[in-house]
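This briefing concerns a single molecular structure, shown below. It treats an enclosed cavity, a buried strand and an open sheet in turn.

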Amino acid sequence: MPQTVQGVIARSKGAPVELVDVLVPDPGPGEAVVAVEACGVCHTDLHYRDGGINDDYPFLLGHEAAGRVEAVGEGVTEVQPGDFVILNWRAVCGQCRACRKGKPWYCFATHNATQKMTLIDGTELSPALGIGAFIEKTLVAAGQCTKVDPADAAAVGLLGCGVMAGFGAAVNTGGVGRGDSIAVIGCGGVGNAAIAGAQVAGATTIIAVDVDARKLEAATRFGATHTVDSSTEDPVEAIRALTGGHGADVVVEAVGRPETYEQAFYARDLAGTVVLVGVPTPEKQVTLPMIEIFGRGGALKSSWYGDCLPSRDFPMLVDLYRQGRFDLDAFVTERIGIADVEAAFERMHAGDVLRSVVVMEGTA
């Protein structure tokens, strides 16, 4: 029988979110119901609320989550009730052209649950990134559940989006490694995850760039060896000065704006790599001289979800966390209740937090 639980929805563009009753159906073939323990408040949820993704209102918000599998549908073998899982929005299909090429981290046909969660009156909800985790229990495709060793859900749930995006941008997409230099422009949650990833990977020069002194201070705690306040100095010149006049081997742009992307382009070394992980809005455009693109060589890349493969990357990062080598706790600024999401959006917009994390009652 369907269960009635509480969840947070965005009913219309720009309107405050609401805490409402939601009907969660029993899992069908290939589906799972997960009792959510914690879910991070991500910028993407704010984009959904404000109409920056699409207009399929009402949205069931939340996607950066961990919890316990409560029930599974027919044919599900990868997880079972009781498993502790991190939810992901890249449930690879195994059949598309990317999967057949052996590159499932680019899967072009990822799975979501077939059934819909609804309001009490039957109105179908659109779950954010196919997950919808600002809710006590959520229905997802079983492939969206990545089993990991049990750990603090508020911390490891962040691997479901922002932390994985940043870590993967540096390590998976950028290929930063031992002895490399890296600059990260934009030191919010994603940028600082890129910095932490670069440290884990053995980069020796890690340059944090931002206009907010609070974020630069946080970046040093995540492993930045140098900081650049780009509100008072030219970041390109500063990055070059810190890398022997050459520029960084890898520059991660975690803002998604034309001016910062151009800075990233010119702040890399010859044959260096630029990685765009900041999400631009549709109207943003960049103009660069083609001779510079040709003459500087290297690679200009974008990073989708940190080019991660959840089944490979989530367990590895949880292991690093449990070993004390990757400090996920440091990303959790505050733990809040499910009724506090709108206030968390305000704090996020003001730059007061890296991550607010909704912790479900009884799981704190």
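A cavity is a set of points, on a 1 Å grid over the protein atoms alone, where a 1.4 Å probe fits but cannot get out. The model is predicted: local features need pLDDT of at least 70, side-chain atom pairs count only at pLDDT 80 or more, and totals for chains, interfaces and linings use all residues. Residues are numbered from 1 along each chain as its sequence is written, and side-chain values use heavy atoms, leaving out hydrogens and water.

**Cavity**
- The count comes to 1 cavity of 30 Å³ or more, and the largest has a volume of about 40 Å³ (the space filled by probe spheres set on the points).
- Its lining (residues with an atom within 4 Å of a point) consists of Glu 64, Leu 158, Gly 162, Val 163, Gly 189, Val 190 and Arg 355.
- Helices α4 (162-173) and α5 (189-201) each supply at least two lining residues; helices are DSSP runs of H or I, at least four residues, and strands are runs of E, at least two.

**Strand β11**
- In β11 (residues 181-185), 5 of 5 residues are buried (under 20% relative accessible area, 1.4 Å probe, protein chains only).
- Ser 181, Ala 183 and Ile 185 lie on one side, with Ile 182 and Val 184 on the other.
- β11 pairs in the parallel sense with β12 (residues 205-210) over 5 bridges, pairing requiring at least two DSSP bridges; Ile 182 stands opposite Ile 206.
- β11 also runs parallel to β14 (residues 248-253), joined by 4 bridges, where Val 184 has Val 252 as bridge partner.

**Open sheet**
- 5 strands form an open, mixed sheet in the order β7-β2-β1-β4-β8.
- β7 (118-119) and β8 (126-127) each have a single partner strand, so one side of each is left without a neighbour in the sheet.

Note on methods: On a 1 Å grid over the protein atoms alone, a cavity is a set of points where a 1.4 Å probe fits but cannot get out, and a pocket is an open set with protein on both sides within 12 Å along at least five of seven lines; lining residues have an atom within 4 Å of a point. Buried means under 20% relative accessible area, exposed over 50%, partly exposed in between (1.4 Å probe, protein chains only).
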